[in-house]
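These are my notes from one sitting with a single model. I wrote down each item as I looked it up.

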Amino acid sequence: MTATLLIDGRCTACGACLATCPERALVRAPLRPGLLASLCTGCLACIEVCPRDAISEAGEGGEPGG
Ligand code: SF4
Ligand code: SF4
């Protein structure tokens, strides 16, 4: 399974998600991490670890929250 994640403007580029991703699907970028979607398994570990709640799932109908 692949997943698409959105990383929004709350991201402070702290790097916690980069260190957490077991697939190394998150890569360092100047503003906020980038996602290598083909590597992402949708485990959601990065969403759990983000202290800013800046990561969310995309492509599930676009409903926020839930
Ligand atoms: S854990 Fe959250 S705030 Fe930190 S770099 Fe990742 S998306 Fe940004
Ligand atoms: S959902 Fe899992 S595999 Fe995908 S980027 Fe986040 S930590 Fe990595």
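I began with C17, which I list as buried because its relative accessibility is 8%, under the 20% cut-off. The model is a predicted one, and I read every entry below with that in mind.

Ligand 1. I looked up C17 again and found it among the closest residues to ligand 1, together with C11, C14, G15 and C50. The shell has 13 residues in total. I sorted that shell by class and got 10 nonpolar, 2 polar and 1 charged. I then checked C14, which is partly exposed at a relative accessible area of 48%. So C17 is buried, whereas C14 is partly exposed.

Ligand 2. Here I also counted 13 surrounding residues. The closest are C21, C40, C43, L44 and C46. The class count for this shell came out as 10 nonpolar, 2 polar and 1 charged.

Disulfides. With cysteines in both lists, I asked how many disulfides the whole structure holds. My search returned 0.

Salt bridges. I found 1 in the structure. D8 pairs with R10, and their closest N and O atoms are 2.6 Å apart. Are the two partners buried or exposed? D8 has 25% relative accessibility and is therefore partly exposed. R10 is partly exposed as well, at 40%.

Surface patch. I noted a nonpolar patch on the surface made of V27, L36 and L39. Together these residues have about 210 Å² of accessible area. I placed V27 in strand β2, which spans residues 26-27. V27 has a relative accessible area of 32%, so I list it as partly exposed. That value also passes the patch cut-off of over 30%.

Backbone. I looked for positive phi values in residues other than glycine and wrote down two entries, R24 and D53.

For R24, phi is near 50°. I located R24 in the loop between α1 (16-20) and β2. Its relative accessibility is 68%, so R24 counts as exposed.

For D53, phi is near 55°. I located D53 in the loop between α2 (45-49) and β4 (55-58). D53 has a relative accessibility of 48% and therefore goes down as partly exposed.

Last check. I compared the two loop entries once more: R24 is exposed, while D53 is partly exposed.

Note on methods: Residues are numbered from 1 along each chain as its sequence is written. Chains are lettered from A and ligands numbered from 1 in the order in which they are written. This is a predicted model: local features need pLDDT of at least 70, side-chain atom pairs count only at pLDDT 80 or more; totals for chains, interfaces and linings use all residues. Side-chain values use heavy atoms; hydrogens and water are left out. A residue is near a molecule or strand if one of its heavy atoms lies within 4 Å of it. Ala, Val, Leu, Ile, Met, Phe, Trp, Tyr, Cys and Pro count as nonpolar, Asp, Glu, Lys and Arg as charged, and the others, Gly among them, as polar. A disulfide is a pair of cysteine sulfur atoms within 2.5 Å. Buried means under 20% relative accessible area, exposed over 50%, partly exposed in between (1.4 Å probe, protein chains only). A salt bridge is a side-chain nitrogen of Lys or Arg within 4 Å of a carboxyl oxygen of Asp or Glu. Patches are made of residues with over 30% relative accessible area and no salt bridge: like charges are joined within 9 Å, nonpolar side chains (Val, Leu, Ile, Met, Phe, Trp, Tyr) within 5 Å. Accessible areas come from the Shrake-Rupley method with a 1.4 Å probe; for residues, only the protein chains shown count as cover. Helices (H or I, at least four residues) and strands (E, at least two) are DSSP runs, numbered from the N terminus.
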